[in-house]
Amino acid sequence: ARVKGGLTVDLGIRGFVPASHVGNGNLKNNLEKYVGTTIPLKVIEVDKDRRKVVLSHRLAIQEEREAKTAATKASLVPEQIRRGTVRRLVPYGAFIDLGGVDGLLHITEMSWTRINDPKEVLREGQEIDVMVLGIDTEKDRVSLGLRQILPDPWSEVPSLYANGDVVTGKVTRVGNYGAFVLIGGVEGIVPHSE
């Protein structure tokens, strides 16, 4: 039940969960949504004389999350393919949740071709397969790659094109030494002299 200052719960005996220990501890949390549900709890105080038990939902889910994070970290190995969820897109890449552990999928590892914005390839909440490229346990970082599990368009180039072929492509950018042209998933350069 919702009571002043938190929730009462049935453990076979009556227990109390302060509002600051429900969910993430945000006091603006809607406590009504917890009424009638079963939630994990951690005992934080027991007074047998007054038959009083104080519990924490926040600490229980925090322990579950930490255990899940530790298990995920222990199971990560380089070159492993893992399923993850895109949590956040940033200009330089995307943070992928691998199950309690976030890894960085750098923009240069998203595709075989040049990408200007991660939104061209991914969206938040999307589930994707990624390859673990590196694990830095000291800095608590995981590097991920997507292009490593995609077909390499360069492997097809010798069978599709030969010296002297005339092809049509899209100019993707112009640099100091020529124009970059996208043809069938690979990028070539047309030097200024050509």
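**Cores and a pocket in a predicted model**

In this predicted model, Leu 144 touches Ile 96, Leu 98, Gly 103, Leu 104, Leu 105, His 106, Glu 109, Val 130, Met 131, Val 132 and Leu 133, leaving aside residues up to four places away in sequence.

Q: What makes Leu 144 count as touching Ile 96?
A: Contact means heavy atoms within 4.5 Å, and Ile 96 is listed among the residues that Leu 144 touches. So the two have heavy atoms within 4.5 Å of each other.

Q: Why is the set that includes Ile 96, Leu 105, Leu 122 and Leu 144 called a nonpolar core?
A: A nonpolar core takes in buried residues of certain kinds, Leu and Ile included, joined through side-chain atoms within 4.5 Å. Those four belong to the largest such core, which has 18 residues, and they touch the most other members. So each of the four is buried, meaning under 20% relative accessible area.

Q: Which elements give two or more residues to this core?
A: They're strands S6 (81–90), S7 (93–97), S9 (127–136) and S10 (141–145). S9 gives the largest share, three residues.

There's another core apart from it, with 10 residues, among them Val 17, Leu 31, Tyr 34 and Leu 55.

Q: How do you know that the lining of the largest pocket has nonpolar, polar and charged residues?
A: Sort the lining by class and you get 10 nonpolar, three polar and two charged residues. Asp 165 is one of the residues nearest the pocket's centre, and Asp counts as charged, so Asp 165 falls in the charged class.

Q: Which strand supplies the largest share of that lining?
A: That's S13, with five residues.

Key:
Residues are numbered from 1 along each chain as its sequence is written. This is a predicted model: local features need pLDDT of at least 70, side-chain atom pairs count only at pLDDT 80 or more; totals for chains, interfaces and linings use all residues. Side-chain values use heavy atoms; hydrogens and water are left out. On a 1 Å grid over the protein atoms alone, a cavity is a set of points where a 1.4 Å probe fits but cannot get out, and a pocket is an open set with protein on both sides within 12 Å along at least five of seven lines; lining residues have an atom within 4 Å of a point. Helices (H or I, at least four residues) and strands (E, at least two) are DSSP runs, numbered from the N terminus. Buried means under 20% relative accessible area, exposed over 50%, partly exposed in between (1.4 Å probe, protein chains only).
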